[in-house]
Every structure is written in structure tokens, then in C-alpha cells.
Amino acid sequence: MAQWLTVVGIGEDGYAGLGKAARRALLAAERIIGAPRQLELLPACIRAPRQAWPSPFSLAPVLEQRGTPICVLASGDPMLFGVGASLARQVAAEELRVLPAPSSYSLAAARLGWALQEVALLSVVARPLAALNTHIHADQRLLILCNDGSSPAAIAALLRERGFGPSRLSVLEHLGGPLERRIDGLAESWALDEAAALNLLAVECHADDSATRLPLTCGLPDDAYQHDGQLTKRDVRAITLARLAPRPGELLWDVGAGCGSIGIEWMRSHPSCRAIAIEADTGRQQLIQRNRDALGVPALQLVAGAAPDALSGLQQPDAIFIGGGVTVPGVLEQCWQALKPGGRLIANAVTLQSEAALVTFRERQGGELTRIAVAQAQPLGGFDTWRSALPITLLESRKP
């Protein structure tokens, strides 16, 4: 099919800021679709019928008219947290043309004098604020597309809660337009309750003495988690994640997830990594929900139920971790069957019975067994001695 869909990036400077190609596309379109604010930026000489996006948002108005010359208006660069990226997943590349304008990020970096490649580009538009937690580190710069006028105050509160009250904030409203305005301040003394609805927040992260500084590597401190004792401890967790070996875009099943630590650190390894935590205990389900938000991966999916029944219908995983329940009939077998070819199955055992189940599984499917023994120096009278944790047997099997 010939090219029929053009996505035009438009800034706050409206039609006057568009290039010739974008203007020609709008003049030739038989229908123009966009947000009401964007449609109002067009002059009367654009004759095509104008249609606002439906609420709740849907691409249907575009896809239902496939083949008709259509223009879609988007803010700035349509391929950067924009509708252009959503349309590109539904429309073949040869049917689509994208004409970007400068993004809000580019304009903000220009105003602030920040090197764009050194800044984390984030969005809380229709996304939870908790997703910011993985990016809050001392001396890190963030550019955050805000959901609405209340977002800057909410982000300032989040920074204070994390011990980053000294962070410098700049709200940049209506970038590139006649109403552009900048408001500066510190998170600890932020007093602006409501900014303009269209705004971007720039953050220079600075920590105070109370801040919890979490590393990017796996094996977070145990006290980073709320748990009831059902926690894969730090050293074993680091070894387990190294064997799971997360790669961008991969999906993990965390079976018998406990407080969710393996799935959480899998997702923290790369923004595109995904995880499903399967947990039957209601108290631990609540712990998973709190931990995933506090550690910046609110997209972790929680399935309430016990394996193997709770595994039915889940998306096929690239890797599986079984932290509990290896002795339950059918768990190991169903996990192995669900695993993608080339996928990794890692299971940890503490009891003799669960270790025996891993040995039996290994005899059928192959794999490698590793014994992990960790000891810590602790006081004994006026001296110190080694206190050993329970040894862990780890099974690693790779599906042909």
C-alpha cells in the first residue's frame, strides 16, 4: 500500500514553526487527527476536517481509515514518548511518514545548557511516579515530561522522601511558544502547587545525609526490601541474577516470589526487562507491591496464586526463577515446558527434599548444580567467629 499516513510534530509555535513538507502534508490531508490543543494551532487555510482523539485514547480513528490521506498531529518529536511510536507498531514503514519538530527535551536542554546525551529522558505522562525511583542518584540530571500541572510538586515530594531534598528543580512551561516560562527552586522548599498543564521538569539530583544510595548492580542490600523473612539474601541473590543473565527486552517468571526481590532486580537491570511475580500469600503480595514501587519498577506484574495452576495462560518467558515450591507436583515440569527454546531455568533449594527434586529434574533435563555457602563474621564473647547461613543448592538448566 502507498504512503497514506503522515505524523506531523508541532510545537508551541504552531503552524508558523512548521517546515514546507509538514505544511504541504496538512494542506493535502483529507482528515487531520490530534489533541484539541494541537488542532487549535492550525490556521483556517487548512480545510481538512479535524478530529480529536477519543477518550479513552485509541488509535482506531486512524487505523479504521487506512489508505485515506491522513495527518496526525503530535507534540514535538512524535517518536519520543509520542503517538508516532505507537502508530509505527501498527502501520508498515512504507505507509508512514514522520516529520518531527524539536522535542521538549531538546528545547529544555538548549535552555539549560545540558548535554542531552548525558541526561536521563523520562516521562510520567500516564505513568506512575514510582518509575522515577530507579533514576534518582546523586549528581544525575533528569528531564521529565510531566502529566499535568501537579506533577512537579509530586516529584518534589518524592525527592524529599528519598533524601534528595537539596535537588535543584526547574519547571519549563510551554517550551517554544509565546507563553514559555521557567520556575526554579529546591525540592526541599518547593512551594509551587500547580504549574501550567503543559510542562517539563528538569532535576539536578543532590542527596542529603539521610538518602539511601542504591547501586545499579544486582544484589541490593537486604534492608532495601520489606519482607517477612522470605527473602533471597543479598549474596545468593547476586549469584542467582548472574545465572539468570537478564538481557534487554526479556521476560522473567519469578515463581514463589516471596517479597519479589529477584523479579525486581531483573527489571532494574534494563528498562526494557519485564517480570511476572507469582505469589500465593496475600501478605507477601502486598510486600511485592510496596517493594516494586519503592525500587522503581511499578510495571512488575503480580499474579496472585500458586504454581503450577497460576502459570496457565501467562506469556512465554525467556527465563524462570523458582524460589519456592520445587517439590510441588508439576511445578518444575510445567515451568520447563513453558520456557522458550534457549531459555534459562534457575531454581534454589534449601531442604533435602527440594534438593532431591532438583537432582531428579537434572537427571531428566540436564543442567548444572552449584552449592552456595555464605558465612558472616559475628561476635562470640570477646571474639569473632563465622556464622554460616543455610547452604543453597542452585540448579541452572538451559532449554535446547
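Start by selecting Q38, S75, F81, G82 and V125: of the 42 residues that line the largest pocket, these lie nearest its centre. Keep in mind as you look around that this is a predicted model.

**Around the pocket**

With those five still highlighted, take in the space itself, which has a volume of about 1,300 Å³. Next, colour domain 1 (5-102) and domain 2 (105-205) separately. Where does the largest pocket lie relative to domain 1 and domain 2? It lies between them, because both domains give residues to its lining.

Now select the elements that build the wall. Helices and strands including α2 (36-39), β4 (70-75), α4 (83-88), α5 (104-112) and β10 (199-204) each supply at least two lining residues. If you colour the lining by class, you will find 24 nonpolar, 13 polar and five charged residues.

**On to a sheet**

Move along the chain and show the open sheet of seven strands, with mixed pairing and the order β13-β12-β11-β14-β15-β19-β16. Its edge strands are β13 (301-304) and β16 (368-372), each pairing on one side only. Turn the view to follow the twist, which averages 15° from one strand to the next.

Zoom in on β11 (residues 251-255) and β12 (residues 274-279): these two run parallel and are joined by five bridges. Which residue of β12 should you pick as the bridge partner of L252? Select A275.

**A helix across the strands**

For the last stop, select α10 (residues 331-338). This helix lies across β11, β14 (319-322), β15 (344-349) and β19 (392-398). Compare its direction with that of β14: α10 runs at about 165° to that strand.

How values were computed. Residues are numbered from 1 along each chain as its sequence is written. This is a predicted model: local features need pLDDT of at least 70, side-chain atom pairs count only at pLDDT 80 or more; totals for chains, interfaces and linings use all residues. Side-chain values use heavy atoms; hydrogens and water are left out. Two strands pair if DSSP finds at least two bridges between them. Helices (H or I, at least four residues) and strands (E, at least two) are DSSP runs, numbered from the N terminus. Axes are lines fitted to C-alpha atoms, for helices over the stretch in contact, and angles run from 0 to 180 degrees between N-to-C directions. Contact means heavy atoms within 4.5 Å. On a 1 Å grid over the protein atoms alone, a cavity is a set of points where a 1.4 Å probe fits but cannot get out, and a pocket is an open set with protein on both sides within 12 Å along at least five of seven lines; lining residues have an atom within 4 Å of a point. Grid points are joined across faces, edges and corners, and a volume is the space filled by probe spheres set on the points. Ala, Val, Leu, Ile, Met, Phe, Trp, Tyr, Cys and Pro count as nonpolar, Asp, Glu, Lys and Arg as charged, and the others, Gly among them, as polar. Domain bounds come from an automatic or database domain assignment.
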